[in-house]
Amino acid sequence: MTAEAPPPEKREWYQTQWFQPQDTPRERRLINKLDLLIVPYAFLAYWVKYMDQSNLNNAYVAGLKEDLGFQGNELVQLQTMYIIGAVVGQIPFMFLFTYVPMHWVIPFLDVAWGIFTLLQYRVTGFAELAAYRFLVGWFEAAFFPAMHYIFGAWYRSDEIARRGGVFYLGLTLGTLTAGLIQAGASERLEGVRGLAGWRWMYIICALITIPIGIIGYFVLPGTPDRPNRLLLSEEDVAVAKERLQRDGHVTEGKFSWKGLLKIAKTWHFWGLILFDVFFWNGSINTSTGGYLLWIKSLGRFSKARVNELGTISPALGMFYTVAICFASDLVLGPAWAITVAHVWNIIGLIIQVIWEVPEGALWFSFMTTYSAVAMSSVLYGWVNSQLKAAPAERAFTLVLINTVAQSTTAWTPLLVFKTVEGPRFTKGYSFVLANAVCLIGMAHVLRIYLAKKE
């Protein structure tokens, strides 16, 4: 018989610690082990994911546009090809998450997207680049819901958001790194071996990505029902299952059509989809390149300097992410953490809609941009916690809400963020502003519904 853990103690927010009082010494050692295995790899892999995703914007302002003869809306069309690949690629994984070991799936996808990132260095026209962007999106597709599925498989609901916050730092660091790599390539590698600086950026990004993917085979612990036996003992898995079951988690279960229909009949499932749609469209200002295009339009900075300045906003995003995710777990709860993040986003968007303001105000507005995505791990951690009793339904929901929501961003930027209208995207920033307001409202509708349900 395993000794029953002591009941939780009520503490003030300023007394919060990394562990909970009910965690036994053996459980704390397991949590530390999981933290060292999952969180650093998740962070590194998400870092290269966003480095490889956002490098298109950096290349565009560093010479790709001129070298490939782009004149119209090619940038937003290439961004859309990536989204289409990411949406289509997620669909098989709502079935596979509960059948294939996650420590096999994720590293394979990591290496594959690294290969297609590399191939972009050799592009000669729009069609070829569009095909590579689609394939990069396809192989990156399942990574985000897969990592949140792993978080939900090992951690309690009160532990997920801050681990997810550290993981999500990879988004802003990846965007920042892509800018620095492009700045360095433009300044030091332009013309080396007959290649433009923006082509060297894709080579460098791939050389970072592929080894990290390979490392995943050796460090990801899998899930409790399909653990990586290289890393976890039978005792580790038994302790993990017991601590989760004590909190109401179910650690085994496979996808079935019966389970799918069951969850599709619930109100909160459709509410979560709408919630996620507002999130994706309330944060597309982070990926449409408006900040870089605006800096370039000022006409007083070199290619390298444009990319260097472009790193300031995502660098601030790292602070926003840590603050919001830790605040959600430790102080505010999910709904209020989301509110804080998007109120800050809304302030910047209002300035961008007005536009005719002093230049300093526009600099400030772009500094708020990455608060829009700072609460992503809060949202998906919330989904994890609500579906802790059904692994198959949790896998299906994580993938499907992400797929449906992301699919809407395949066409909304084509309507409101047309490249030829940049850098002043009045329609785009107004659209994002409306979604941010709706996101805050939906967060509190969901909070009230779940409180009544519990």
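User: In this predicted model, which helix gives the most to the nonpolar patch, and how do you know that?

Analyst: Count the residues: H8 puts in three, the most of any contributor. Helix H4 (102-119) joins H8 (197-219) among the elements that give two or more.

User: What makes this a nonpolar patch, and which residues are in it?

Analyst: Patch residues need over 30% relative accessible area and no salt bridge, and nonpolar side chains are joined within 5 Å. Here the members are Trp104, Phe108, Ile214, Tyr217, Phe218 and Leu230. Together they make about 680 Å² of surface.

User: Why is Leu230 called exposed?

Analyst: Its relative accessible area is 67%. The cut-off for exposed is over 50%, so Leu230 qualifies with its 67%. As for where Leu230 sits, look in the loop between strand E2 (226-227) and helix H9 (234-246).

User: OK, now the other end of the scale. Which residues of H16 are called buried, and what makes them so?

Analyst: In H16 (359-367) they're Leu362, Trp363, Ser365, Phe366 and Met367. Buried means under 20% relative accessible area, so each of those five residues falls under that cut-off.

User: What do the buried residues of H16 pack against?

Analyst: Helices again: H12 (290-297), H13 (303-309), H14 (312-332), H15 (334-354) and H20 (426-453).

User: And how much of the chain is buried?

Analyst: Of the 454 residues, 61% are buried. The chain still exposes about 17600 Å², with carbon and sulfur atoms supplying 66% of that.

Conventions. Residues are numbered from 1 along each chain as its sequence is written. This is a predicted model: local features need pLDDT of at least 70, side-chain atom pairs count only at pLDDT 80 or more; totals for chains, interfaces and linings use all residues. Side-chain values use heavy atoms; hydrogens and water are left out. Buried means under 20% relative accessible area, exposed over 50%, partly exposed in between (1.4 Å probe, protein chains only). Accessible areas come from the Shrake-Rupley method with a 1.4 Å probe; for residues, only the protein chains shown count as cover. Helices (H or I, at least four residues) and strands (E, at least two) are DSSP runs, numbered from the N terminus. Contact means heavy atoms within 4.5 Å. Patches are made of residues with over 30% relative accessible area and no salt bridge: like charges are joined within 9 Å, nonpolar side chains (Val, Leu, Ile, Met, Phe, Trp, Tyr) within 5 Å. A salt bridge is a side-chain nitrogen of Lys or Arg within 4 Å of a carboxyl oxygen of Asp or Glu.
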